[in-house]
Amino acid sequence: MTGTFSKFKSDQIPAYLLALLLIVSLLAPVLPLQDPLLMDTASRFAGPSAQHLFGQDEFGRDILVRLIFAIRNSLIVAFAAAVLAGIFGTALGVLAGYSRGLTEMLAMRFIDIVLCFPPLLLAMLAVTLYGPGPVTLIPVLAIVFVPSFTRVAHASVLSVRSQDYVEAVRSMGASNARVMFSTILPNIAGPLIVQFSFTVAVTVVLESGLSFLGLGVLPPAPSLGLMIGTGRATLAQAPMLLVWPCAALTAMILILNAFCDDLRDRLDPKSSKIRGQ
Amino acid sequence: MSIAETTSKPGLSISGLNISFRNKDGWTSVVRNLGFDIAPGETVAIVGESGSGKSVTALSVLGLLPQQATRIEGSIRLGDKELLSLSPKDLKALRGNEIAMIFQEPMTSLNPTMCIGEQIAESIIAHRGISKAEAKLEAIRLMEKVHIPSAARRYGEYPHQFSGGMRQRVMIAIALACKPALLIADEPTTALDVTIQAQVLNLIKELQEEEGMAVLFITHDMGVVAEVADRMVVMYRGDVVEEGTTTEIFANARHPYTKALLSAVPQLGSMSGSNDPQPFAIYDINTGLATDAAVLKSTVDMSEILLEVKDLSVRFPVQQTIFGKVTARVHAVENVSLTLARGETLAIVGESGSGKSTTGKLVTGLLHPTAGKVEICGKPMRSDTRQSLSRSVQMIFQDPFSSLNPRLTVGRAITEPLRIHKLATETQRDEIAASLLTRVGLSPNIAKRYPHEFSGGQRQRICVARTLALKPSVIIADEAVSALDVSVKAQVVNLLLELQQEMQLGFIFISHDMAVVERISHRVAVMYLGEIVEIGPRAAIFSNPVHPYTRRLIEAVPVPDPSRRRDRHKITDSEIRSPVRAGDYVVPTRTYREVSPGHLVQEVGPEWAA
């Protein structure tokens, strides 16, 4: 394991890029950046310059700074929602898959009900009821993605629980909680992590979509969806205003997916990567 | 043989065959300088353990090895055709037409969404180009030929409606569809029950005589070799170590590896006259010298009963009406009673569906009985006492590849029971892991490694070490050695016997392998369809089997002695019946008769009247 991180390898690029994204987003408030809300109407639609590397938008705000803060907002919402969905969804799925019977029936039918609602519709409903903003967005997105975690966890538990080593731990006198969370859970982590990556990526898209519609992050706070929405209006004058947030969104999702794919390979003890071959 | 001589089918001739696989560091040689001939109508067996190159050889004959990653040199001739120089297209035409193969797993080698008859007919149409209606008739004829009862009716049934033995018959029917010159059988009976194995071997021999084809039989089981093969080739890690007629090699093996292999094969009847278990003599593969098996002292202490099972039953509903009324049940275990004394080994034998594994699970508390009770050291096993009683009962599983958690290091896996019961400190646990590993014959340094780095035998030793961590008094071994190679099997059996000597453990040894059971057990219980049909001291059961099922079971065990080949006409084509009964099935009251002290036999019911 020690040698793996000391040498640079091309398959670690997504990890480095994601680390960069996370560090920049986390440190954004303390970095020597301009205020993303600071307007400079004199230089509306100004092109790139030394002070404003990506140029300025329709209110003369710095596009690069706004992109950084938009990514930060997206990631906060996406990770918070995915973590919440992951915890509740997995717990429900493991419980349903392990205990079978009535628990399984109730849990899976509940999931089916949630699945009946199109995610965007459910989010719009909640936003209309409780008002837009991250405080509504995070729990709503979490509920939307609970079923996918439950399904993945449930299906994986069904295949793992029939393995002899689960039976073996039970025969040693382990409690049900121990069997579920210290024996079964690590063995279904692979698909769940992939599901997590997928959820973060989809949440980023969904959050942008809602913001685009004006139901997510509220202006003037920066958000990729909002930026795409306003950029569309000025496409003829300043096409780069649309290109930058779109590129940022695409890159972010690609990085997330590539990283989690690699992570899954690494987490598998049978994979050759861990042995440094 | 006379039929074979009159037909003009070609034989197989292999000479100077070398096979190498490409891996990261270049080429690894897996088969070296292999050569043998099979005449039409003759059966040659390739014998060897895992990794000997026997299956690779079979695949090379069929041209099924991946072309990019394999290098094959030498010559494989079928009649006057050189198979190695054939184009992929010609090879494809050859497969199925002139060479056919049957595989080990009849469960996975049939398409589950196609009915049986069509799968046979499909193969006939593909190779002979006859019409659908003709192919159907031909398929039914083939099904009759492989003794599938009421073939015309079962033509439209699906694979899941067929038992393992019946599916293997279907595979044989497909293989025979085009009257091949060569049949390759790769461990065709390994996954089957012993009585079914006897039937399938019988069938292959019978068809071979009719068709006059050459048979290449690949197996690790010396008993099967003695039963079917005219000549045999013994392979060890890619080399042929010995070759000759079966009679000759069994009577007078020259190579140390062949000797080791033969000595590790349990011989039914070799234990008459002794009441205690007997370890295997271990041969050194390099020198051929035998380490004599230690004579064991008796460990049984009848004064202390470790385990008592009384009238245990478990039934599972399999079919219900929408109102919840059960219309069919599996009677997995029915009125089973048994006891186990300290230091005693009780073997439970039976075939699939006999309820032997379920009995093991009931004893460990993994399943709850429908009726009856289990007492461990005088304390009843209930859901509230299971946790504490599990310290005295531990279990070893059949498949060493799935019974270890792939995410735990060996050291952690072994001390997992201590963690569950919150015993010992972290440093003490490490010490315990090291000493247990040493105890089962492994190096204590492996504690930091993961299970997938070890072979089946090593993993099974790790499992044994894990069961010992809590110092239990009873160990349930559920087919614990069935998945292992013969020589490894002998070593693990010896290890279990040693541990019993040392710690006076009580073993419940669940197995279908009568020959191993004879070696290891003090007493034997024979189960059939969930019931114990015969129970008693091992010597009594093997020398004087009374129940018809016990007799059938013992007769079906292949004898590793070609001179004592069975009379094939004795074997009936009966299937193992299913323990699924109608919802209103009333369990018949069974009475037992004492044949000799401790030897009880169930009064034979009307279903056994032949």
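Analyst: Two residues are in contact when they have heavy atoms within 4.5 Å of each other. The model discussed here is predicted.

User: In chain B, what share of the contacts with a separation of 6 or more comes from residues 24 or more positions apart?

Analyst: The count considers contacts in chain B with a separation of 6 or more. Within that set, the part formed by residues 24 or more positions apart is 70%.

User: What radius of gyration does chain B have, and which value would a compact globule have?

Analyst: Chain B contains 20 helices and 25 strands, and its C-alpha atoms fill a box of roughly 70 × 60 × 50 Å along the principal axes. Of its 610 residues, 54% count as buried. The radius of gyration agrees with that of a compact globule of 610 residues: chain B has 26 Å, and the globule would have a value near 25 Å.

User: How many helices and how many strands are there in the secondary structure of chain A?

Analyst: From the N terminus on, the elements of chain A run α-α-α-α-α-α-α-α-α-α-α. The C-alpha atoms of chain A fill a box of roughly 75 × 50 × 30 Å along the principal axes, and buried residues make up 46% of its 277 residues. The secondary structure of chain A therefore comes, with helices and strands taken as DSSP runs, to 11 helices and zero strands.

User: What is the area buried between chain A and chain B?

Analyst: The size of an interface is often given as the accessible area lost when the parts come together. In this contact, chain A takes part with 22 residues and chain B with 27 residues. Carbon and sulfur atoms give 54% of the buried area, and the area itself is about 2,200 Å².

User: Which residue of chain B meets A:Glu167 in a salt bridge?

Analyst: Side chains of opposite charge can pair when their charged atoms come close. Between chain A and chain B the count is two salt bridges. In one of them the N to O distance is 3.0 Å, and the side chain that meets A:Glu167 is that of B:Lys361.

User: Which element gives the largest share of the side of chain A that touches chain B?

Analyst: Across this interface the rule finds 11 residue pairs in polar contact. The elements that give two or more residues to the side of chain A that touches chain B are helix H7 (164–171) and helix H8 (176–187) of chain A. The largest share is seven residues, and it comes from H7(A).

User: Is A:Glu167 buried or exposed?

Analyst: A:Glu167 also forms a salt bridge with A:Arg170, the closest N and O atoms being 3.4 Å apart. Both residues lie in helix H7 of chain A, three residues apart, about one turn of the helix. Buried means under 20% relative accessible area. A:Glu167 has a relative accessible area of 15%, so this residue is buried.

User: How many residues apart in sequence are the parts that A:Arg151 and A:Asp112 tie together?

Analyst: A:Arg151 forms a salt bridge with A:Asp112, the closest N and O atoms being 2.5 Å apart. A:Arg151 lies in helix H6 (residues 134–160) of chain A and A:Asp112 in helix H4 (residues 101–116) of chain A, so the pair ties together parts that are separated in sequence by 39 residues.

User: Which residue is linked with A:Asp112 and A:Arg151 in a network of salt bridges?

Analyst: A:Arg151 is partly exposed, with a relative accessible area of 39%, and A:Asp112 is partly exposed as well, with 23%. The network of salt bridges links these two residues with A:Arg109.

User: How many residues apart are B:Lys356 and B:Glu479?

Analyst: The side chains of B:Lys356 and B:Glu479 meet in a salt bridge, 3.7 Å from N to O. This pair links distant parts of the chain: B:Lys356 is in helix H12 (residues 356–364) of chain B, and B:Glu479 is in the loop between strand E19 (474–478) and helix H17 (486–503) of chain B. Both B:Lys356 and B:Glu479 are buried. Their separation is 123 residues.

User: What is the relative accessibility of B:Thr258?

Analyst: B:Thr258 lies in helix H11 (residues 256–264) of chain B. Not counting residues up to four places away in sequence, B:Thr258 touches B:Val234, B:Val241, B:Glu242, B:Ile249 and B:Ala253. B:Thr258 counts as buried, its relative accessibility being 0%.

Methods: Residues numbered from 1 in each chain as written. Chains lettered and ligands numbered in written order. Predicted model: local features only at pLDDT ≥ 70, side-chain atom pairs only at ≥ 80, totals over all residues. Heavy atoms only, no water. Buried area = accessible area lost by both parts, 1.4 Å probe. Salt bridge = Lys/Arg side-chain N within 4 Å of Asp/Glu carboxyl O. Polar contact = N/O pair within 3.5 Å; in protein donor to acceptor, adjacent residues only side chain to side chain. Helix = DSSP H or I, 4+ residues; strand = E, 2+ residues; numbered from the N terminus. Rg over C-alpha atoms; globule rule 2.2 N^0.38 Å. Buried < 20%, exposed > 50% of the residue type's maximum accessible area, 1.4 Å probe, protein only.
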